[in-house]
Amino acid sequence: MKYKRILLKLSGEALQGSSKSTNINPAVLEQYCDEIKAVVEKGVQVAIVIGGGNIFRGGQAEALGIDRVQGDYMGMLATVINAMALQSSLERHGMYTRLMAGIKMEQVCEPFIRRRAIRHLEKGRIVIFGAGIGNPYFTTDSTASLRAIETQCNVVLKGTRVDGVYTADPEKVPDAKRYTTLSFQEAYEKGLNIMDMTAFTLCMENKLPIIVFDMNRKGNLLKIVNGEEAGTLIS
Ligand code: UDP
């Protein structure tokens, strides 16, 4: 495998599946587990950050008359709900997991302790980082970059519903072209929307590559971890 330790970023919104009839779609969870199991079985160490957008985002707070910071904490708690669902599914599929959160909630998960997280990964446990970095005004993309750097992951894999970064939005512009590789500088100069700026800058400054890929395509995660070209590599 090309990458030995990966940080997989999954969006909360994607957990709803296309029907959006429920916050957490069991078919999506199943599919995520299959993808993740395939790389775990190859001995790859897996860390995961899952978003909370299917339940709550801090940006929604003010329109509801809720204080922004309060809303951000609500968003962080939403990520823990998703992380718990994912943890349970992964365990049901026979994988070993630990959930570590940026906010203390000792009845449901461990606090994030960097050295301990690395130890879990070395032992082959999947580590899910919940509750973001534990601070408002950040996103789960920033959490993914930060935790990946802290736990010495080789790459951030951003699983989305498109198969990479395009010259324009492929859902709106039919002849948009996919980039196979990009430098951080090019991505920045072209204003391509890969991650929010905080997350992107953290990766750029720490020379941590990002791969944007389609998480819904069967077998894709294994391909990417094996170094095959199936998304956009930003490095
Ligand atoms: N959030 C935060 N600090 C963090 C991570 C997340 O305040 O370190 C909040 C923020 O309000 C965000 C919400 O949690 O809107 C849910 O995360 P995000 O929107 O990144 O989830 P996704 O879009 O990936 O589902």
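## Terms and model

Helices here are DSSP runs of H or I with at least four residues, numbered from the N terminus. The model is predicted.

## Ligand shell

Helix α2 contributes six residues to the shell around the ligand, the most of any element. The shell holds 23 residues, and the closest are G51, G53, G58, G75 and G132. Two elements, α2 (68–92) and α4 (140–150), each give two or more residues to this shell.

By residue class, the shell around the ligand is made up of 15 polar, five nonpolar and three charged residues. Glycine is counted among the polar residues.

## Annotated domain

The unreviewed UniProt entry assigns residues 4–214 to the feature "domain: Aspartate/glutamate/uridylate kinase". In the model, this span is 36% helix and 18% strand, and its end C-alpha atoms are 20 Å apart.

## Strand β5 and its partners

Strand β5 covers residues 126–130, and five of the five are buried, so the strand is largely enclosed by the rest of the structure. Buried means that 20 or more other C-beta atoms lie within 10 Å of the residue's own. I126, I128 and G130 point one way from β5, while V127 and F129 point the other way; all are buried.

Two strands pair with β5 in the parallel sense: β2 (residues 45–50) over three bridges, and β3 (residues 97–101) over five bridges. On the β2 side, I48 stands opposite I128 of β5. On the β3 side, M100 has F129 of β5 as its bridge partner.

Terms used
Residues are numbered from 1 along each chain as its sequence is written. This is a predicted model: local features need pLDDT of at least 70, side-chain atom pairs count only at pLDDT 80 or more; totals for chains, interfaces and linings use all residues. UniProt positions are given in the numbering used here, feature names are shortened, and annotations may be inferred rather than shown by experiment. A residue is buried if 20 or more other C-beta atoms lie within 10 Å of its own, exposed if 12 or fewer, and partly exposed in between; C-beta atoms are placed from the backbone. Two strands pair if DSSP finds at least two bridges between them. A residue is near a molecule or strand if its C-beta atom, placed from the backbone, lies within 6 Å of it.
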